[in-house]
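Trainee: Could you take me through one part of this structure slowly? I would like a close look at a single chain and how it meets its neighbours.

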Amino acid sequence: MAYFAAAYFAAWLILFLYVFYIERKLALLGRDLEHLKNVVKRKKS
Amino acid sequence: MRLKNGTIKRCLGITSFLGIFISLYMAFFYTPLDKNLGVVQKIFYIHFPAAIVPYFAFFVVLVCSIIYLKTRDRKWSKIAYASAEIGLVIDTALLVTGTIFDKPTWGVWWVWEPRLTTSLIMWLLYAGYLMLYYSVGEAERRSRLTAVYGIVAFISVPISFMSIRWWRTVHPIVFEPTKIALDTSMWVTTLVFLFSMTLFYAYLLGHRVDMIGLQEEIEDLKDEVED
Amino acid sequence: MNYLRHVLILVQKDIVAELRTKEMLNSMLLFVLLTMVMFNFAFGSGPETETLSSGLLWISFLFAAILGLNRVFVHEKDEGCLDGLMLCSMDCSVIYFGKAISSFLFLSVAELIALPVFTVFFVRESFLSHLWILIIVLMLGNVGISAVGTLLSAISINTKARDLMLPVLFLPVIVPILVAAVKSTGLVLSFSSVGTQQFWTEIVIWLRTLVIYDIIFVLVGFLTFEYVVEE
C-alpha cells in the first residue's frame, strides 16, 4: 500500500509541478510582453 | 484562427483532465485486485502509459527535426523542443514509478533490465538535448544543432535497447521479470489511461509551444528596445 | 575519385598538423595510462579485478577519445580554417569524412600503444591466439566512436559551453558500442574459460552489433553533418 501511494503521489507530483511551471511561466511571459509593448510604444511616440 | 486555436486547446485540456480522472477512477475501483501483488499492481496503470508516451514524444522530436531541416520553418523546431521537454518530464515520472514498482515486485529498487535501462538512457539523451538547447544563443543555429542531435539521439534508442537485451540474455538472468497477466477490465483501464495520457501530452505540447513563441517575441522586443 | 582524393588531402593535413603539435596524441596517451594506474588504486589488483579489466580498457579509451574529439574542431574554428574549407567547392561530407578518418587514426595509434601496457598490467593469461579478434573489435569500436564523435564534436564546438558539452551529448549515444565492445573484449580475454562454440556464437552477436551501429552512425553523420557546419 505504501509503495502504491508513493508511486501515484510521486508521478502526479512531477506532472503537477510541470503543469504549474508552464502556467506560471506563461502568465509571467504574458505580463512581460505587455510591459515591453508599452515601452516600445512610449519610445516610438 | 486564434480563437479556434484557443478553443481546441481548451477542449484538449478539459478532455485530458476528465480522461485522467476517469482512468484513475477505473484504476482504483473498476479493476479487480491482483492475486499476487495486491494493490501494488495498480501502479502498472500509470506506469504503462508513462512508458509509452515518452517514446511517442521523442518520435515526434525526430519527425519534427527532420521536417525542420528540410523546410527551415521555425515552427517545427519549436514543436520538437517542446515535445522533448514534455517527454523528459513524463520519462522522469516513469523512472520514479518504475523504481517504486520494482521494490515490492522484484525486491530491489533497480534492475538493469532492458526496458528500464533504455528509459534511463533515453532520459540522459534528452537531458543532453535540453542542455544543448540552452547553450546556443542564436535561434537559427540552435534549431539546426538540436535538430541534428534529436535525430542522432532517437536513432540510438532502439540500438541501445537491442544491445542491452542481448547483454542481458547472454548473461544469466538474475531477476526473472514477473509476467503480469491482465484480464479484460485491466486492459481496458490501461488503454483508457494511455489514451488520456496522450491527450494530456498534446495539451501540454500546445502550451509549451505557445510559451516558446512568447519567449521569442519578448527577445525580439527587447532587442528593439535596446536599439 | 575526386571525392576520395579530397578526403585524403584533408586527412594528410590533419596528420601533418598533429605531428607538428602532438597535443592530441600525447594527451590521449597519457590520459589512458593515468586511467589505468588510477583504476589500479581504486579497485586494487587481484583475481577479482580481472573480470573488470575489459570494462577498464574501454572506459579509458572512451574518455581518451572524448579528450581527443574535443580538439578536432578547435583549431579549425578558432583559426577560421573551417570557413576556408566551407568555401572550397566540394561536398560538406568531405570535411566530415576527413575529420572522422583522422580522429580514427589518432585514436587507433593511442590504443595501439596503450594495449601492450594494459596487457602487462591487467591480463594474466595470454590471448595471443585471439589477438586478431581483439584488433577487429578495437577497429570497429573506433569507427563508431569517431563517426558519432566527429559529428557531436562539430555540434558542441558551436555552443557556448564548447568542450563541456561533448561528454554530455556523446556518452549516452555511445552506450550500445560500449556494451558490445566491452562484451567482446571480455570474451577474448577469457576465451580459455569459455567453450569454443559458446565463444564463437557470442562473439558473432557482439561483432554484429558493432557493425550495425557503425553503419548507422556513419550514415547519420554523413547525412546530417552539412546542417551542423553551414553558417
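Mentor: Happily; let us look at chain B, first by itself and then beside its partners. Please keep in mind that this is a predicted model.

Start with the chain alone. Chain B is built with 6 helices and 0 strands, and reading along its sequence gives the pattern α-α-α-α-α-α. How much of chain B is buried? Of its 227 residues, 44% count as buried. You can also ask how far apart in the sequence the touching residues are. Among the contacts in chain B with a separation of 6 or more, 81% join residues 24 or more positions apart.

Now pick out two of these helices. In general, a pair of packed helices is described by the angle between the axes and the distance between the axes. For helix 2 and helix 3 of chain B, the angle is about 160° and the axes are 8 Å apart. An angle over 145 degrees counts as roughly antiparallel, so helix 2 of chain B is roughly antiparallel to helix 3 of chain B. The crossing of helix 2 of chain B past helix 3 of chain B is left-handed. Sorted by class, the residues in the contact of these two helices are 23 nonpolar, 8 polar and 1 charged.

Next, turn to the neighbours. Which two chains share the most contacts? Of the 2 pairs of chains that touch, chains B and C have the most. In that contact, chain B takes part with 27 residues and chain C with 27 residues. On the chain B side, helix 4 (114-134) and helix 5 (139-170) each supply at least two residues. Helix 5 of chain B gives the most to this side, with 17 residues. By class, the side of chain B that touches chain C holds 19 nonpolar, 6 polar and 2 charged residues.

Chain B also touches chain A, so to speak with another set of helices in view. Here the contact takes 28 residues from chain B and 23 residues from chain A. Helix 2 (43-71), helix 3 (74-106) and helix 6 (184-226) of chain B each supply at least two residues of the side facing chain A. Which helix of chain B gives the largest share of that side? It is helix 6 of chain B, with 13 residues. The classes on the side of chain B that touches chain A are 17 nonpolar, 4 polar and 7 charged residues. Notice that helix 2 and helix 3 of chain B, the packed pair from before, appear again on this side.

What does chain A itself look like? Chain A has 1 helix and 0 strands, and its C-alpha atoms fill a box of roughly 65 × 5 × 5 Å along the principal axes. Of the 45 residues of chain A, 7% count as buried.

Finally, consider the two partners of chain B together. Chain A and chain C do not touch, and their nearest C-alpha atoms are 24 Å apart. Chain B, by contrast, has a contact with chain C and a contact with chain A. To retrace this on screen, begin with helix 5 of chain B on the side that touches chain C, then find helix 6 of chain B on the side that touches chain A.

Key: Residues are numbered from 1 along each chain as its sequence is written. Chains are lettered from A and ligands numbered from 1 in the order in which they are written. This is a predicted model: local features need pLDDT of at least 70, side-chain atom pairs count only at pLDDT 80 or more; totals for chains, interfaces and linings use all residues. Two residues are in contact if their C-beta atoms, placed from the backbone, lie within 7 Å. Helices (H or I, at least four residues) and strands (E, at least two) are DSSP runs, numbered from the N terminus. Ala, Val, Leu, Ile, Met, Phe, Trp, Tyr, Cys and Pro count as nonpolar, Asp, Glu, Lys and Arg as charged, and the others, Gly among them, as polar. A residue is buried if 20 or more other C-beta atoms lie within 10 Å of its own, exposed if 12 or fewer, and partly exposed in between; C-beta atoms are placed from the backbone. Axes are lines fitted to C-alpha atoms, for helices over the stretch in contact, and angles run from 0 to 180 degrees between N-to-C directions. Angles under 35 degrees count as roughly parallel, over 145 as roughly antiparallel, 65 to 115 as roughly perpendicular and the rest as oblique. A crossing is left-handed if the near helix is turned anticlockwise from the far one by less than a right angle, and right-handed if clockwise.
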